[in-house]
Amino acid sequence: MLAEDLLVLIFIAFALLLIGIGIGWSLRSSRMAGPNSSDGAVVTASPAASAGLPASPDGELLFALQSLHAALSHPKDLSTLVEGALQGISHLLPFDIVELNLFDRTTGHFIPHRLCSPRAADFVADMGNEVYRLGEGYTGWLVEHRKSLLLPDVNERGDIQPKVWRGTFPFKSYLGAALTDRDEIVGTLELAHQEVHTYDRRHQALLEAASAAIALAITNHRLHIQHQQYIDEFVGITDIQGAAAWVHKPEMLLEQLSKTLAARVGADVLGFLLFEEDSQSLIGQPPFFGASASIVIKDLALPSSAENPLSTIWQTQKYWISNNAGKEKLIDQMGLLPFVKKVKIHTLLITPLGGDDHRIGAILAGNTDKESAFSEGDADVLASLSRLCSPLIEASKKLVGDHGAEEPEMSDPDAAGVTLDPSAPPAEETPTAALQWAEALLRISAELSSSLDVDRVLQRTLALTSELIDAVQAYVLLLSPEGDLLQLRASFGERGPGSLQTDLKPEDGLPGWVMSRNQSVLIDDLAQDARWKALEGDAQEQRSVIAAPIIVGDEAIGAMLFTHTETGAFAPEQQRLVRAVAGQVGGAINNTELYHVVSDQAERLGSMLRSQQVEASQSRGILNSIADGVIVTDANHEIILFSPSAERILGLSSEDVVGHPVFDFIGVYGAGGTRWVDAIRAWSQNPASIARVTFFAEQLELEDGRVISIHPAPIVLGDEFLGTVSIFRDISREVEVGRLKSEFVATVSHELRTPMTSIKGFVDLLLMNVSGELDDEQRRFLEIIRSNTFRLEILVNDLLDISHLESGKAALSFQALDVYLLLDEMREHVEHRSQEEDKQIGFQVEAPQSLPKLRGDLERVRQILANLVENSFNFTPAGGMIRMRARHVGDQIEIDVIDNGMGISLPEQERIFERFFRGEQSLILGVSGTGLGLSIVLNLVEMHGGRIWVTSDGIPGKGSTFTVSLPAINTKDEAVGSGE
């Protein structure tokens with residue numbers, strides 16, 4: 001009973017957890033599932049039997065999650081993992097087809113593994129063994145964006161297309177996610193269904209969680225394969241040990257070694273090229289596995305000159321791979337093309353034969369099958385095993401009296417009794433010694449592959465190696481996380497194990513020496529070597545040492561040291577063993593760090609993708625909820641987003657416009673649409689000019705009488721044009737209200753003219769003493785009436801002007817205008833008014849007489865300039881200065897009206913062109929005016945196709961600058977008539 005209660009509590013807690021993260025949903029009662037065949041063919045899946053599944057939806061979800069977890073836990077191979085993942089997903093999410101596409105880095109292809117329902121079987125069968133490539137279809141989108149993709153209706157996203165033509169794509173809804181490892185693509189997990197709106201955000205959250213788990217499982221499996229690779233590598237070592245029995249017969253030895261290596265890397269052809277000192281050539285050594293001796297003897301005598309790329313490979317590189325050897329120009333330059341063609345090699349692998357400091361030749365491996373490409377793992381195994389083959393081959397030559405390959409010892413001039421990495425066995429070394437070396441490496445490598453605990457691995461490796469070479473003490477020094485000091489990570493001997501920060505810097509002492517030079521060193525007497533510095537806590541004085549760098553990639557991360565209390569305690573072959581162990585330790589540390597990085601990345605991947613999806617969901621929700629329509633185009637002017645509000649406002653369907661150029665349909669909206677697309681073209685053709693565009697707005701008038709405002713804006717990144725965003729708003733009501741208001745203003749203004757004319761006329765008659773002589777007070781009263789009547793007349797005229805301009809009743813008569821004459825007229829006007837009002841204002845004109853003609857209506861352009869000059873005169877105190885400056889800029893004439901008056905504050909500059917706005921400064925309030933002048937100017941400028949803006953610091957005495965930009969006439973323009 002207690003066990004049953006505990007099970008109930010566990011289930012309730014799990015259900016609450018699911019509800020808390022928003023995945024408490026019911027799965028479909030019927031799903032399609034089935035196994036993937038071993039040869040990659042797709043097997044149609046029948047509906048999953050409900051027998052054996054929990055009856056409740058939560059129970060079904062729990063069962064599905066448990067099944068997926070079980071499938072991902074400790075799979076025996078990759079195919080089992082993939083099959084289990086597909087089965088787990090089939091119980092978790094509805095589908096007609098589910099694909100787990102694994103990325104092959106060698107070919108750049110995605111290899112699909114599929115399950116499908118019976119109704120999708122024909123479609124999948126037509127696909128055959130077709131693979132996906134980078135950039136293709138939905139898979140390409142997932143790889144590019146590194147996030148999940150939810151398409152409740154695939155037809156709603158015209159910017160994302162499946163690999164096959166949408167007309168033959170039978171699926172209506174789609175859900176996919178990228179599988180990544182440290183931002184490197186592992187594959188994709190994709191589902192599709194033949195019904196729309198099968199998937200929603202809850203399904204997407206489940207797929208993201210499942211994808212993170214599958215990616216982690218695949219990564220862990222590959223790490224396991226890497227560790228297994230080390231074990232397999234030393235199985236090869238055992239085979240090489242067996243081949244050593246033929247060391248007294250060189251031909252038999254080469255035959256056994258070539259067979260062994262070919263089996264380890266899966267090669268159809270494999271053999272050795274040995275360097276011959278006399279001829280300075282690499283000579284093929286029959287027997288070659290998979291190739292006749294006659295071909296080897298005839299075609300594999302290759303000069304090892306500096307011009308031959310093969311010389312560079314075997315002397316300096318770790319390995320070299322070609323997956324299309326028959327057509328590779330470099331193969332011809334090496335001199336290998338005749339051999340490659342005769343043996344029909346398609347993929348080729350070349351690796352040096354021997355150690356880093358002593359290479360006696362090269363190993364050549366090939367495959368005749370196009371599909372059997374060599375991997376980097378194969379190359380690493382072959383490069384590692386070549387180090388063991390080298391001493392056996394040299395030992396075999398010694399036994400038959402051939403000493404041509406023997407290398408002299410390399411001495412270290414900085415130490416007494418020191419030998420540097422002699423890879424060639426000394427004269428007294430026998431084949432038995434080489435076998436003992438290989439056996440020792442086997443034991444140590446097995447220990448390095450047994451755990452991911454770095455400290456435990458280092459400790460055991462030091463103990464085994466010290467036992468083999470009879471060392472008294474041993475140390476592993478690794479760089480600290482900050483990289484500024486060396487840290488004692490592991491030790492053996494009288495010093496206990498543990499981590500200790502030393503005072504050694506990476507460039508100091510003997511560890512720094514081997515790390516900086518990437519060389520191992522053997523010192524027979526430390527008392528005579530200044531590089532040695534004992535570590536704190538050493539119980540006895542150490543007299544001899546072997547030190548080797550620990551390398552990860554191309555970077556030294558530490559050093560291994562083995563010491564003894566007696567001088568001359570170590571031999572050169574022990575030095576080579578330590579160097580080999582240090583190389584294996586570097587690989588083990590790298591694998592461990594890689595494993596932890598992958599685990600951390602996998603844990604963060606789920607939360608990161610979920611966070612990004614929440615942000616995208618919020619943005620999409622905001623976009624769909626706003627009343628204004630939104631259209632987004634890309635750099636090729638194709639529409640990539642058409643919001644629901646845009647569909648409603650423009651009366652178009654997103655299916656009809658998404659994926660098509662914006663120019664294909666917007667032209668039907670007349671002149672407003674034409675100006676809109678012209679602006680988009682101009683932005684894309686000259687992105688550098690976009691920074692000068694401050695504002696752009698247009699209006700469209702639809703067939704049903706509605707008026708739509710457009711506000712497009714460019715999207716740029718530096719000087720690169722990325723696209724545009726256009727906002728649409730239905731302003732029909734505002735336009736109608738504005739029309740009624742304009743008509744009301746026009747009617748009232750017109751009606752005011754009749755009584756105003758009468759008032760003005762009778763006042764003038766009274767002032768002319770028509771009704772009798774006036775005294776001074778009567779005359780003063782009538783002057784006030786006449787002055788205010790004049791102001792009222794100006795107001796009425798301005799109102800009528802605004803009304804005519806906004807209603808479109810004002811017509812322009814375009815002609816060619818002389819800018820210099822217009823500015824001269826403004827000068828005369830200012831001088832006349834200055835004398836009349838006794839207000840001394842200076843005036844200057846700065847304009848070349850060679851300016852092009854201005855295209856405009858004479859009276860309206862005069863009105864524009866006069867209004868701006870009047871403003872400057874009114875708001876500039878006596879003694880001030882007004883300047884007018886004109887210049888030719890592109891296809892425009894820009895005219896500045898500059899004063900040194902009171903200026904305009906920054907907040908007021910935003911409203912300066914509004915009707916009736918006059919500002920709040922006392923000097924402004926003391927000047928008569930209606931606040932309509934600049935509004936009229938703005939309308940007239942825009943009617944001419946120009947622009948106007950103001951520049952002012954808002955500091956009294958610095959004044960303001962109004963700039964008008966109007967189109968110029970060039971020599972190609974035809975004569976323009978009135979009424980245009």
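Which strands does helix H12 (residues 376–399) lie across? Helix H12 lies across E9, E12, E13 and E14, and runs at about 45° to E13. We'll come back to that sheet in a moment. One thing to keep in mind from the start is that this is a predicted model.

**The chain as a whole**

Let's begin with the big picture. The protein chain has 27 helices and 33 strands. It holds 980 residues, and 47% of them count as buried. If you take the contacts between residues at least 6 apart in sequence, 62% of them join residues at least 24 apart.

**A sheet with H3 and H5 on it**

Going along the chain, have a look at an open sheet built from six strands, in the order E5-E4-E3-E8-E7-E6, with antiparallel pairing. Strand E5 (132–133) and strand E6 (149–151) sit at the edges; each has a single partner strand, so one side of each has no neighbour in the sheet. E6 is joined to strand E7 (residues 173–181) by three bridges, and the two run antiparallel. If you want to find that pairing on screen, start from leucine 149, whose bridge partner in E7 is glycine 176.

Helix H3 (residues 78–92) packs on this sheet, where it touches strand E3 (97–104), strand E4 (109–116) and strand E8 (184–193). The direction of H3 makes about 150° with that of E3. Helix H5 (residues 137–145) packs on the sheet too, touching E3, E4, E5, E6, E7 and E8, and its direction makes about 135° with that of E8. Back in H3, the buried residues include Leu81, Val82, Ala85, Leu86, Ile89 and Leu92, and Gly84, Gly88, Ser90 and His91 are buried as well.

**The sheet under H12**

Now for the sheet from the opening question. Six strands form this open sheet in the order E11-E10-E9-E14-E13-E12, and the pairing is antiparallel. Its edge strands are strand E11 (301–303) and strand E12 (320–322), each of which pairs on one side only. On average, neighbouring strands here are turned by 25° against each other, direction ignored. E12 pairs with strand E13 (residues 347–354) in the antiparallel sense over three bridges, and isoleucine 321 has leucine 349 as its bridge partner in E13.

Besides H12, helix H9 (residues 309–316) lies across strand E9 (269–276), strand E10 (281–289), E11, E12, E13 and strand E14 (359–367). H9 runs at about 110° to E14.

**Two helices by the numbers**

Here are the spans of H3 and H7, taken from the first C-alpha to the last.

| Helix | Number of residues | Span | Expected span |
|---|---|---|---|
| H3 | 15 residues | 21 Å | 21 Å |
| H7 | 16 residues | 22 Å | 22 Å |

H7 covers residues 250–265. Its buried residues are Leu253, Leu254, Leu257, Ser258, Thr260, Leu261, Ala262 and Val265. Right after H7 comes glycine 266, with a positive phi near 65°.

**A closer look at valine 514**

Is valine 514 buried or exposed? Its relative accessibility is 0%, so valine 514 counts as buried. Valine 514 has its place in helix H15 (residues 509–517). Leaving out residues up to four places away in sequence, valine 514 touches Gln519, Val521, Ala547, Ala548, Pro549 and Ala559. Take alanine 547 from that list: it is 33 residues away from valine 514 along the chain, yet their C-alpha atoms are separated by 7.0 Å.

**Strands around E26**

Further on, strand E26 (residues 720–730) is joined to strand E22 (residues 629–634) by six bridges, and the two run antiparallel. In that pairing, glycine 629 stands opposite phenylalanine 728. Strand E25 (residues 707–717) pairs with E26 as well, in the antiparallel sense and over ten bridges. There, leucine 717 stands opposite glutamate 720.

**Two crossing helices**

Last stop: helix H24 (residues 858–874) and helix H27 (residues 933–943). Their axes come within 10 Å and cross at roughly 145°, and the crossing is left-handed. H24 brings Arg860, Gln863, Ile864, Asn867, Leu868 and Asn871 to the contact, while H27 brings Gly933, Leu934, Ile936, Val937, Leu940 and Val941. Sorted by kind, the residues of this contact are seven nonpolar, four polar and one charged.

Terms used:
Residues are numbered from 1 along each chain as its sequence is written. This is a predicted model: local features need pLDDT of at least 70, side-chain atom pairs count only at pLDDT 80 or more; totals for chains, interfaces and linings use all residues. Side-chain values use heavy atoms; hydrogens and water are left out. Axes are lines fitted to C-alpha atoms, for helices over the stretch in contact, and angles run from 0 to 180 degrees between N-to-C directions. Helices (H or I, at least four residues) and strands (E, at least two) are DSSP runs, numbered from the N terminus. A crossing is left-handed if the near helix is turned anticlockwise from the far one by less than a right angle, and right-handed if clockwise. Contact means heavy atoms within 4.5 Å. Ala, Val, Leu, Ile, Met, Phe, Trp, Tyr, Cys and Pro count as nonpolar, Asp, Glu, Lys and Arg as charged, and the others, Gly among them, as polar. Two strands pair if DSSP finds at least two bridges between them. The expected span of a helix is 1.5 Å times one less than its number of residues. Buried means under 20% relative accessible area, exposed over 50%, partly exposed in between (1.4 Å probe, protein chains only).
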